[in-house]
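This briefing covers a strand and its partners, a ligand site, and a loop residue. Please keep the sequence and the structure in view while reading.

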Amino acid sequence: MCGIVGYWGPEKPKAIILDGLRRLEYRGYDSTGVAIFDHGQLKVERSPGKLHRLEEKLRGIEFEGPTGIGHTRWATHGEPNEKNAHPHKVGGVAIVHNGIIENYGSIQKRLVSEGVELKSETDSELIAHLLDEKLREGATLLKATLEVIPKLEGAYSILVVNEKEPDSMVAFKNGPPMLVGLGNKEVIIASDIQAVITRTPRVVYLDDGEIVTSIKGAVKFYNSKGDEIRKDVHEVKWSQAMAEKAGFDHFMQKEIFEQPQALRQTMEGHLEHEPLRVVLKSSGLTDDEYRNFKRIQLIACGTSWHAAMVAKYVFERVTGIPTDVDIASEFHYRHLTLDPQTLAVTVSQSGETADTLACLRRVKKMGLRTLSVCNVPHSSIDREAHGRIYTNAGAEIGVCSTKSFTAQIVALELLSFHMARLRKSCSDEELKNYISGLLALPGQVEICLNHDKWFREAAQSLTKFRGFLYLGRGVNFPVALEGALKLKEITYLHAEGYPSGELKHGPIALVDNNMIIVALAPKDELYEKNISNIQEVKARGGQIIAIGSGDDQGLEKISKHYLSIPEAVWSANPVLESIPIQLLSYHLAVALNRDVDQPRNLAKSVTVE
Ligand code: AGP
């Protein structure tokens, strides 16, 4: 969840580290800090709050050394104040850390009993003390790191520097991501490609249990026993422009508008036109495997879980395979009995979500075949699954997921149409209809995006409402959940998502004329039942914003506002409905003056349990 960046090279580290932190700030923004060499000494500067506060603090301060490390924090242990900000410096060693040290209590007890005075409430400072002990005994930074690692339990990654070794950096990964950029006579070590891609496309991804040392720019890799290992260098294709706002006010806004292109990219390479069919390319699983799975188990968190829920409806109807969906943090600890012929599909934008990754490892141990649906190539989930489908939506920086959601739905539908063809569970005609629905999406999403102005204006009149209820049925129900999540996370208003038919079992008691009801009611097989449910809310004073398909005067009549999405096959509706719910949240958040890209208490990728 935190962002880490380190630099060694001919340029002044300060500017490069600050630029890296700016690109990583979406990983956490509770506090920031740097430790940079200056005339042989490691100078530490830290600040609570966002990066701009550290930048102000550093204005006019120059550092002369070649090496430095920086950190942007999402707090786990200890309040987000200056003393808990990273780097933590003890003696000559400074450390930045991402993750959690689970045996924190026993280490702290031992250090305190030996008279060590702790300056912060963090588990990270303890690692600095342990390293300092070893360095004072004469170890090099590499040796000290190798000796400290076995003492630490938990999922964590660290980057460390030592005053006595001004041209060196050492990093270790055991959980949260860490990668090394090999630039032109310079080395960048970071937790995310965003901090590296501006300097070099040549990247090495650390695996769990691996250490990297950079000494005067010479980079070596070791396993946790200290044996040198060989690692592959990857050329990363993402262009720098993909992580810029490109004239938009917010990343979220840009990412909403990128959806037509993102969806094209998700489909690219997987469709054949004569005859029209889905042929998944390089997914890593064989056609025979796809033919023989008896169950599907989808696992994900947050928005990705909502996309997986949409996919459940699609898989069951199109492939006829019984399909379950679980939230990763629940699935992880359940007492499970799974059919060995279950395909486990982990869905994750970042590919680093700790709970989803833990579930992937668990089902692999149980002997299941696994497939990842990820947006970030080379991420942990992508690397560890047996097979993969990329959403290819491009970098998503806004904490609030948008384009990754619709791209995940499309990727999962491609998978289900591929399996349906192989298993002959659907007629060719039906499949063609579904695939034509996918192909029409980029153009139809453009049409939905044209409603942007309406939402901007409508948002002004919605700021006074405090309760929002999102309703949908069938495949549209998960979009109602997603709508409520979008609204909650960036406006901080209370919102709930419900299946329309469930309302009278309790939640309808909430409805009065202060409640906004966002009703998803496209023309599909549940349309009539859905309309009856909407009527029930209307009768109790609910203020209805209806999202329906095409011209629907009946629905328009009972609604305060009616928004039309293009008429489409049922399986395409969740993607089309996503656009209005995203625009509604975005404009309401802007109208309420919220921090759209960095909402409070959140971080983009959740690499701790
Ligand atoms: C939603 O807007 C959030 N970004 C969050 O719910 C997110 O979808 C969740 O943390 C899962 O992340 P992942 O897709 O990277 O695994």
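Two strands are said to pair when DSSP finds at least two bridges between them. By that rule, strand β7 (residues 156–162) and β8 pair in the antiparallel sense, with five bridges between them. The model is predicted, and the points below are grouped by topic.

**Strand β8 and its partners**

- Strand β8 spans residues 168–174, and six of its seven residues are buried, so the rest of the structure largely encloses it. Buried here means under 20% relative accessible area.
- On the β7 side, a hairpin of five residues links β7 to β8.
- Within this antiparallel pairing of β7 and β8, Y156 stands opposite N174 in β8.
- β8 also pairs with strand β12 (residues 210–215), again in the antiparallel sense, and six bridges join them.
- Between β8 and β12, F172 is the residue that stands opposite I211.
- In a regular strand, side chains alternate between the two faces of the sheet.

**The ligand site**

- The ligand sits in the second largest pocket.
- Around the ligand there are 14 residues, of which S304, S348, S350, T353 and E489 come nearest.
- Two helices, α9 (302–318) and α16 (477–491), each supply at least two residues of the shell around the ligand.
- The largest contribution to that shell comes from α9, which gives three residues.

**Polar contacts of the ligand**

- For S348, an N or O atom of the side chain lies 2.6 Å from an oxygen atom of the ligand.
- For Q349, the partner is a polar backbone atom, 2.7 Å from an oxygen atom of the ligand.
- For S350, a polar side-chain atom is 2.6 Å from an oxygen atom of the ligand.
- On its own the ligand has 410 Å² of accessible area, and the protein covers 91% of this.

**G320 in the loop after α9**

- Helix α9 also borders the loop that holds G320, which runs between α9 and β19 (323–327).
- Is G320 buried or exposed? G320 counts as exposed because its relative accessibility is 56%, and the cut-off for exposed is over 50%.
- G320 and L336 are 16 residues apart in sequence, and their C-alpha atoms are 22 Å apart in space.

Notes:
Residues are numbered from 1 along each chain as its sequence is written. This is a predicted model: local features need pLDDT of at least 70, side-chain atom pairs count only at pLDDT 80 or more; totals for chains, interfaces and linings use all residues. Side-chain values use heavy atoms; hydrogens and water are left out. Buried means under 20% relative accessible area, exposed over 50%, partly exposed in between (1.4 Å probe, protein chains only). Helices (H or I, at least four residues) and strands (E, at least two) are DSSP runs, numbered from the N terminus. A residue is near a molecule or strand if one of its heavy atoms lies within 4 Å of it. A polar contact is a pair of N or O atoms within 3.5 Å; within protein, one must be able to donate a hydrogen and the other to accept it, and residues adjacent in sequence count only if both atoms are side-chain atoms. Accessible areas come from the Shrake-Rupley method with a 1.4 Å probe; for residues, only the protein chains shown count as cover. On a 1 Å grid over the protein atoms alone, a cavity is a set of points where a 1.4 Å probe fits but cannot get out, and a pocket is an open set with protein on both sides within 12 Å along at least five of seven lines; lining residues have an atom within 4 Å of a point. A molecule sits in a cavity or pocket if more than half of its atoms lie within 2 Å of its grid points.
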